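Okay, thanks for having me, everyone. I'd like to walk you through a structure that may be new to you, so let me put it on the screen.

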Amino acid sequence: MTKSLLVTGGFGVLGRAVSAAAVARGWRTALVDFSPEPPAGLAASLGDGAYLKGGVDLADPAAARTVVEDVAQRQGGLDVLVNVAGGFTWTTLADGGVEPWGDLHRLNLTTAVNTSAAAIPLLTQSTAGRIVNVGANAAVKAAAGMGPYAASKAAIHRLTESLSEELKDQGVTVNAVLPSILDTPTNRADMPDADFTRWVTPDALAQVILFLASDEAGAVTGALLPVTGRV
Ligand SMILES: NC(=O)c1ccc[n+]([C@@H]2O[C@H](COP(=O)([O-])OP(=O)(O)OC[C@H]3O[C@@H](n4cnc5c(N)ncnc54)[C@H](OP(=O)(O)O)[C@@H]3O)[C@@H](O)[C@H]2O)c1
């Protein structure tokens, strides 16, 4: 069955992989991102099955509402929301001060809360509503310098649990994947001596995300699923 899906952070590395996998399944797919323009060639590679919308700050609740409604109108409703938008900063409290704690909270949690709030009234109208969030395995126990990031991703884990309970009787499942290190150009540049084969490829993680988004995963909700490769 074709589905209507919205991917936040759709122009980023993981968002692109999720979008490509969804389009390959014939799902109507919207990519929403803060970056004003998609990377060169992305629209052409996805073809007619995709709608690309840049320049949207999902940390702004009104902007999130507007784009979710726009997508639902274009795609005839909404079945799946994948909250990928987010980012990472390593900083100690001594060096970075308090600001990163608020910044990462906004980047990783507020974006997902706003988009979920806007999407829920549409997802409850679907016969198989799904929210898939992206948490982090590194948020299960934080190392030095990981505080702001881990706190914001732990908040994603708690959002996943609480929303899954809230929506249990409304036909919407809410789950999260907890990646370790993705094989991205940024991570390769930051950790040049690492064994990249131990990392999770964005395509492999996208397949797990689409499983949680599928009809087959209807009995799974509130799961925090580690996707850690060999790390
Ligand atoms: N990479 C890893 O190893 C790893 C590990 C564990 C978890 N994760 C999580 O996986 C997700 C994707 O990671 P990635 O490596 O694909 O990151 P990425 O390439 O940086 O993609 C993230 C995208 O989200 C967008 N975004 C940021 N703030 C936004 C906002 N306020 N509104 C709308 N869009 C916004 C970014 O746009 P701009 O670039 O314009 O800001 C970017 O295009 C993130 O949540 C990350 O924390 C990644």
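Let's start with Gly77. If we leave aside its neighbours within four places in sequence, Gly77 is in contact with Ser4 and Ala72. You'll find Gly77 in the loop between helix 3 and strand 4, which covers 80-83. Now look across to Leu123: that residue is 46 residues apart from Gly77 along the chain, and yet the two C-alpha atoms are separated by 8.0 Å. Please keep in mind that this is a predicted model.

From that loop, step back to helix 3, residues 61-75. Helix 3 lies across strand 1 (4-8), strand 2 and strand 3, and it runs at about 160° to strand 2.

So what are those strands part of? They belong to an open sheet of seven strands, with parallel pairing and the order 3-2-1-4-5-6-7. Strand 3 (50-53) and strand 7 (224-227) are the edge strands, each pairing on one side only. On average, and ignoring direction, neighbouring strands in this sheet are turned by 15° against each other. As a reminder for anyone rusty on this, strands of a sheet pair through backbone hydrogen bonds, parallel or antiparallel. Zoom in on strand 2, residues 28-32: four bridges join it to strand 3, and the two run parallel. There, Ala30 stands opposite Tyr51 in strand 3.

Back to helix 3, as it has a helix partner too. The axes of helix 3 and helix 5 come within 8 Å and cross at roughly 35°, and the crossing is right-handed. Which residues make the contact? On helix 3 they are Pro61, Ala64, Arg65, Val68 and Ala72, and on helix 5 they are Asn114, Thr115, Ala118, Ala119 and Leu122. By class, that contact has seven nonpolar, two polar and one charged residues. You've met Ala72 already, by the way, as a contact of Gly77.

Helix 5 is also a good way into the empty spaces. How many cavities of 30 Å³ or more are there? The count comes to one, with a volume of about 50 Å³. Its lining is made of Thr8, Asn83, Ala85, Asn108, Thr111, Ala112, Thr115, Val134, Lys153 and Ile156. Helix 5 and helix 6 are the elements that give two or more residues to this lining, and the largest share, four residues, comes from helix 5. In terms of class, the cavity lining divides into four nonpolar, five polar and one charged. Thr115 turns up here in the cavity lining, as well as in the contact with helix 3.

Last stop, the largest pocket. It holds about 1,200 Å³ of space. Of the 41 residues lining this pocket, the closest to its centre are Gly86, Gly87, Phe88, Tyr149 and Leu182. Which helices supply at least two residues each? Those are helix 1 (13-24), helix 5 (99-123), helix 6 (147-167) and helix 7 (185-190). Here as well, helix 5 gives the largest share of the lining, with five residues. The pocket lining by class has 22 nonpolar, 13 polar and six charged residues.

If you take one element home, make it helix 5: it gives the largest share of the lining of the largest cavity, it does so for the largest pocket, and its axis comes within 8 Å of that of helix 3. That's it from me, thanks!

Notes:
Residues are numbered from 1 along each chain as its sequence is written. This is a predicted model: local features need pLDDT of at least 70, side-chain atom pairs count only at pLDDT 80 or more; totals for chains, interfaces and linings use all residues. Side-chain values use heavy atoms; hydrogens and water are left out. Two strands pair if DSSP finds at least two bridges between them. Axes are lines fitted to C-alpha atoms, for helices over the stretch in contact, and angles run from 0 to 180 degrees between N-to-C directions. Contact means heavy atoms within 4.5 Å. On a 1 Å grid over the protein atoms alone, a cavity is a set of points where a 1.4 Å probe fits but cannot get out, and a pocket is an open set with protein on both sides within 12 Å along at least five of seven lines; lining residues have an atom within 4 Å of a point. Grid points are joined across faces, edges and corners, and a volume is the space filled by probe spheres set on the points. Ala, Val, Leu, Ile, Met, Phe, Trp, Tyr, Cys and Pro count as nonpolar, Asp, Glu, Lys and Arg as charged, and the others, Gly among them, as polar. A crossing is left-handed if the near helix is turned anticlockwise from the far one by less than a right angle, and right-handed if clockwise.
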